[in-house]
Amino acid sequence: MAQENVEFPIPGKVLSVNVSQGSNVAEGDVICMLESMKMENPIVAPCGGTITKLDISPGQVVETGALVCIIES
Amino acid sequence: MLGFFEVGFLNLTWGSIVMLIIGGVLLYLGISKNMEPLLLVPIGFGVLLVNLPLGGLMESIVNGQVVESYAVGGEPAGIISRVFRYGLAWEIIPCFIFLGLGAMTDFGPLLANPKTLILGAGAQFGVYFAFFIALLLGFSIHEACSIGIIGGADGPTTIYLTNKLAPHFIGATAVAAYTYMALVPIIQPPVIKLLTTKQEREIYMKPQLRPVSKLEKILFPGIAAVIIILLVPKSAPLIGMFMFGNMLYACGVTDRLANTAANAFMDILTILLGLCVGCFMSAESFLKPESLLVFVLGAVAFAASTAFGVSLAKLMNLVTKEKINPMIGAAGVSAVPMAARVVQRMGQQANPKNFLLMHAMGPNIAGVIGTATAAGIFLGMVG
């Protein structure tokens with residue numbers, strides 16, 4: 001089983017989380033929306049699989065490189 | 001019945017009807033298309049109000065006579081003409097907007113990747129390009145400066161410079177600058193696409209920029225203000241306010257002031273400025289060949305700035321080892337953060353893994369400094 005750590009590519013504020021721990025995602029599915037510079041940016045799954053770790057919530061302020069989730073494929 | 005003759009309906013002209021439609025279109029774009037609503041809604045509503053006859057919002061008194069439109073040499077008598085005179089013509093609002101902008105600007109991306117400063121400077125070539133075209137078309141040197149600066153896509157700077165050099169043009173240049181700021185998502189993409197290949201637009205840029213220390217962020221506004229103002233003294237009102245606002249943000253001990261400057265203060269100024277710009281779009285001052293030509297030249301200036309920014313980024317790729325996505329050059333115009341957002345959106349379309357937003361913020365912020373400096377150079381030259 002391969003593990004993929006998904007990280008925030010830019011700093012910002014989490015607006016919404018579209019998945020939950022244990023859910024299955026396909027490549028390109030939106031994991032969460034991140035607001036940065038007054039712009040909504042979708043953070044998408046780089047690969048398909050199951051979300052084994054998800055520790056973000058709406059309203060949370062994140063820095064570049066912070067963990068979005070871990071996807072096991 | 002006698003009051004019937006004062007009813008505005010009887011005084012409507014074809015020009016004012018055309019302007020009412022334009023006002024409606026601006027409101028539609030802002031509300032329905034969510035296109036820079038903070039600018040377009042106040043401007044659009046201002047256009048509606050000023051084109052309703054006999055309202056008197058922009059009234060002025062010239063030689064004892066009341067005139068409906070703003071007169072540069074007259075005494076303002078309407079509510080908006082007063083706001084315009086004491087807020088804009090006295091150059092208070094544009095400079096304080098720079099204070100608010102400074103308080104919301106993070107110089108981190110620029111400090112992390114200082115070569116993007118060059119891209120912000122490169123985009124200013126469009127300003128000079130349009131300046132020379134305006135000169136060739138027979139505009140005076142003062143008017144040409146005011147038209148050229150529209151290419152920087154920086155409303156407050158355009159108003160500031162036009163008011164100093166060609167006050168009779170202020171309506172046309174202010175409206176052009178603000179409209180183009182709002183239309184960044186429409187004007188820039190075709191220019192960027194024309195100048196870049198699909199492969200270039202797909203160039204991936206690593207997200208992790210160099211971490212920037214707090215000390216660097218505190219030192220930057222002070223040092224930059226000293227150097228830029230010593231080099232171009234006439235840029236002091238704009239650059240000075242911008243860097244002061246940024247100091248409030250960066251120093252970490254004036255968060256309350258920075259918050260107010262970046263939010264409530266900025267919102268109040270935006271409301272006043274938006275209404276004033278809209279109220280300058282009356283049929284008699286806007287539907288003139290001269291104003292329409294300024295509008296067209298403004299678009300040329302803005303497209304040229306975008307083109308120069310992208311071309312410079314491509315040139316940089318010829319000499320640097322680590323390739324940059326040339327689209328970030330388009331963010332060298334100073335419409336913050338609209339231009340950076342366009343680059344982010346196009347970058348994601350070309351390569352969904354790409355997040356160019358922060359990379360584009362570097363040239364974008366450099367563009368603000370660049371346009372304010374260009375205005376200072378024009379003022380030093382002819383002011």
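**Helices, loops and one contact between chains**

B:L54 is exposed, with 11 other C-beta atoms within 10 Å, where a residue counts as exposed if 12 or fewer other C-beta atoms lie within 10 Å of its own, as buried if there are 20 or more, and as partly exposed in between, the C-beta atoms being placed from the backbone. Before I go on, I should say that this is a predicted model, in which local features need pLDDT of at least 70 and side-chain atom pairs count only at pLDDT 80 or more, while totals for chains, interfaces and linings use all residues. Residues are numbered from 1 along each chain as its sequence is written, and chains are lettered from A and ligands numbered from 1 in the order in which they are written.

Let me stay with B:L54 for a moment. This residue sits in the loop between helix 2 and strand 1 (60-62) of chain B, helices (H or I, at least four residues) and strands (E, at least two) being DSSP runs numbered from the N terminus. The phi of B:L54 is near 70°, a positive value in a residue other than glycine. As background, most residues other than glycine have a negative phi.

A second residue with a positive phi is B:A153, where the value is near 55° and the residue is again other than glycine. B:A153 lies in the loop between helix 8 (141-148) and helix 9 (155-165) of chain B. Is B:A153 buried or exposed? B:A153 is buried, with 36 other C-beta atoms within 10 Å.

The two helices on either side of that loop also pack on each other. The axes of helix 8 and helix 9 of chain B come within 9 Å and cross at roughly 175°, the axes being lines fitted to C-alpha atoms, for helices over the stretch in contact, with angles that run from 0 to 180 degrees between N-to-C directions. That makes helix 8 of chain B roughly antiparallel to helix 9 of chain B, since angles over 145 degrees count as roughly antiparallel, under 35 as roughly parallel, 65 to 115 as roughly perpendicular and the rest as oblique. The contact is made by B:H142, B:C145 and B:S146 of helix 8 and B:L161, B:T162 and B:L165 of helix 9, where two residues are in contact if their C-beta atoms, placed from the backbone, lie within 7 Å.

B:A153 leads us to B:S305, which has its place in helix 17 (residues 289-319) of chain B. B:S305 is buried, with 36 other C-beta atoms within 10 Å. Leaving aside its neighbours within four places in sequence, B:S305 is in contact with several residues, among them B:G151, B:G152, B:A153 and B:V333.

Now we come to helix 2, residues 37-50 of chain B, which packs with helix 15, residues 255-279 of chain B, at an angle of about 45°, with the axes 7 Å apart. The two helices are therefore oblique to each other. Helix 2 of chain B passes helix 15 of chain B in a right-handed crossing, meaning that the near helix is turned clockwise from the far one by less than a right angle, whereas anticlockwise would make the crossing left-handed. The contact includes B:L38, B:L39 and B:P42 of helix 2 and B:T270, B:I271 and B:G274 of helix 15.

How does helix 2 of chain B pass helix 10 of chain B, in a left-handed or a right-handed crossing? The crossing of helix 2 with helix 10 of chain B is left-handed. Here the angle is about 140° and the axes are 9 Å apart, which makes helix 2 of chain B oblique to helix 10 of chain B. The residues in this contact are B:L39, B:L40 and B:I43 of helix 2 and B:Y178, B:M181 and B:A182 of helix 10.

Finally, I turn to helix 18 (residues 338-350) of chain B. Ten of the 13 residues of helix 18 of chain B are buried, so this helix is largely enclosed by the rest of the structure. Among the buried residues of helix 18 are B:M338, B:R341 and B:G347. They pack against strand 5 (39-44) of chain A, together with helix 10 (170-182), helix 11 (184-195), helix 12 (198-201) and helix 19 (357-382) of chain B. As for the two chains as a whole, nine residues of chain A are in contact with eleven residues of chain B.
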